[in-house]
Structures are given as C-alpha cells and as structure tokens.
Amino acid sequence: AYMKHLHADKIAAMGEMIKNIYIESGVAPEKIAVTGVAHFDRLFNRDKRQDDAVLQEHGIEPSKRTIVFGTDNLAIGETVEALTGVIKTVLKMEDFQLVVKVHPAEGIEPYQAVAEQYHDSRIRVVKDIDLYALLSQCELIIVNGSTIALEAMMIGKLVVTINLSGQPTPVPYAEEGAALGVYSYADIEPA
C-alpha cells in the first residue's frame, strides 16, 4: 500500500495496468484518469525548422535521407558487429546518411571509433540530441530492442531489429509483426 498516504484529487496513469496498480494500492478508482504517456505528446506536431536546426547543430544534413541506428546499452561487441554491417550497407546506398544514436547510459567513444574507420561524413555519431527531432526526420530506425522503436512506430517510421546474440530477443517487436527482424550478419544488407 505504497500509495495510501497520497492526498491528491486526481492521478494521471499511463495505462490500465498502472491504474490497476494504483487501485490495488488503495487509491479510489474514481480518482484515477488514464491519460497515456505525456512525453509522447512531443512526438507529434513537430516544428520542422526547429528540428532541422537541431540536426544541423550535430552535423546532420536535414535534406538527406536518414537512417538511425540506436544503441541499446548491450554487450559492445554485439552492437559493434551489427553497426558494422549497417555502416557497410548504408555506404553502398546513394543519398543516405547514417546517424548512430548512442544510448544515454553508454559512452560515445567506442561508436565514434567504429565510425571513424570509414572516413565518411555520411556517418554521424551523436548522444545528446533531441531524439524526437531525429526520429521525425529519419526514414528507418534500426535497434536491438530499444524503446525508441516504439516511439518511431507511433509516427509511422519503419523499424528493423537486429539481434545477433543467438539469445531470445529482449523486446519482440519483429516477433509481434511490428518490425523486420534480422538474426544473422548476412541478413543485415537485404533487410
């Protein structure tokens, strides 16, 4: 009953599951309103000029077609293997740039080191950037199981998941039919 000392007239819950947790904790059901996740509201009604400015600040060309590779704070070797396959594929594609969006809990350096091996300005590695400016601009998101895939899906972006570990996928986006799943290095380019 961790909520029994809460003295609020109304509580906003992100979904029915959370609402039920509040009810089980002793909160009266009539005090709970299911509102969704408030920060997702920023995904919609974007200011394109502002988003373009954010991208330009990070060396990303807003007019170029963009693919985003989001890291997941997983084993670095596995992520680097997937990233290498993605970089090699993107560099074969004209008019595309690749933006590696580093997870907030990870260091940027290992990914910068991988990108620098290719000496190509179409590969950018960023960490501290407005994620939604990046998502609104891109055409495709590539992740292992990151929640940025969900955010991308909400605004109609294509998602590819890469899981080279041989272990079950942490978040089954592809298995549920919401993304295209890749499970071997050789399948990265066709995907």
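Is β3 largely enclosed by the rest of the structure or largely open, and how many of its residues are buried? I began with this strand, keeping in mind that the model is predicted.

**Entry 1: strand β3 and its partners**

I looked up the burial of β3 and found that five of its six residues are buried, so the strand is largely enclosed by the rest of the structure. I then followed its pairing on each side. With strand β4, which covers residues 96-101, β3 runs parallel and is joined by six bridges, and within this pairing I noted Thr66 standing opposite Gln97 of β4. With β6 the pairing is also in the parallel sense, over three bridges, and here Phe69 has Ile142 as its bridge partner. I also traced the chain from β3 through α3 to β4, and recorded that these elements make a β-α-β unit that is right-handed.

**Entry 2: two glutamines**

Since Gln97 had come up as the residue opposite Thr66, I checked its surroundings. Gln97 has a relative accessibility of 3% and therefore counts as buried, the limit being under 20%. Leaving aside neighbours within four places in sequence, I listed its contacts as Ile60, Glu61, Lys64, Arg65, Thr66, Ile67, Val90 and Arg122.

I next turned to Gln137, which lies in helix α5, residues 131-137. Its relative accessible area is 17%, so Gln137 is buried as well, by the cut-off of under 20%. Not counting residues up to four places away in sequence, Gln137 touches Lys48, Asp52, Leu55, Pro62, Lys64, Thr66 and Lys157. I marked Lys64 and Thr66 in my notes, as they appear among the contacts of Gln97 and among those of Gln137.

**Entry 3: the cavity**

I searched the whole structure for enclosed space and found one cavity of 30 Å³ or more, with about 80 Å³ of space in it. Its lining is made by 13 residues, and those nearest the centre are Phe69, Thr79, Ala82, Asn144 and Ile162. The elements that give two or more residues to this lining are β3 (65-70), α3 (76-90) and β6 (140-143), and α3 gives the most, with three. Sorting the lining by class, I counted seven nonpolar, four polar and two charged residues.

**Entry 4: the largest pocket**

For the largest pocket I wrote down a volume of about 340 Å³. It is lined by 21 residues, of which Ile67, Leu140, Ile142, Val160 and Ala191 are closest to its centre. Here the elements that give two or more residues are α3, β6 and β7 (158-162), with β7 giving the most, namely four. By class, the pocket lining divides into 17 nonpolar, one polar and three charged residues. I noted that Ile142, the bridge partner of Phe69, is one of the residues closest to the centre of this pocket, while Phe69 is among those nearest the centre of the cavity.

**Entry 5: backbone angles in two loops**

Which residues other than glycine have a positive phi? I noted two, in separate entries of the list. Asp95, in the loop between α3 and β4, has a phi near 70°, and its relative accessible area of 54% makes it exposed. His119, in the loop between α4 (109-116) and β5 (123-126), has a phi near 45°, and at 74% relative accessible area His119 is exposed too. I kept both on record because most residues other than glycine have a negative phi.

Note on methods:
Residues are numbered from 1 along each chain as its sequence is written. This is a predicted model: local features need pLDDT of at least 70, side-chain atom pairs count only at pLDDT 80 or more; totals for chains, interfaces and linings use all residues. Side-chain values use heavy atoms; hydrogens and water are left out. On a 1 Å grid over the protein atoms alone, a cavity is a set of points where a 1.4 Å probe fits but cannot get out, and a pocket is an open set with protein on both sides within 12 Å along at least five of seven lines; lining residues have an atom within 4 Å of a point. Grid points are joined across faces, edges and corners, and a volume is the space filled by probe spheres set on the points. Ala, Val, Leu, Ile, Met, Phe, Trp, Tyr, Cys and Pro count as nonpolar, Asp, Glu, Lys and Arg as charged, and the others, Gly among them, as polar. Buried means under 20% relative accessible area, exposed over 50%, partly exposed in between (1.4 Å probe, protein chains only). Two strands pair if DSSP finds at least two bridges between them. A crossover is right-handed if, with the strands pointing away from the viewer, the path from the first strand over the helix to the second runs clockwise. Contact means heavy atoms within 4.5 Å.
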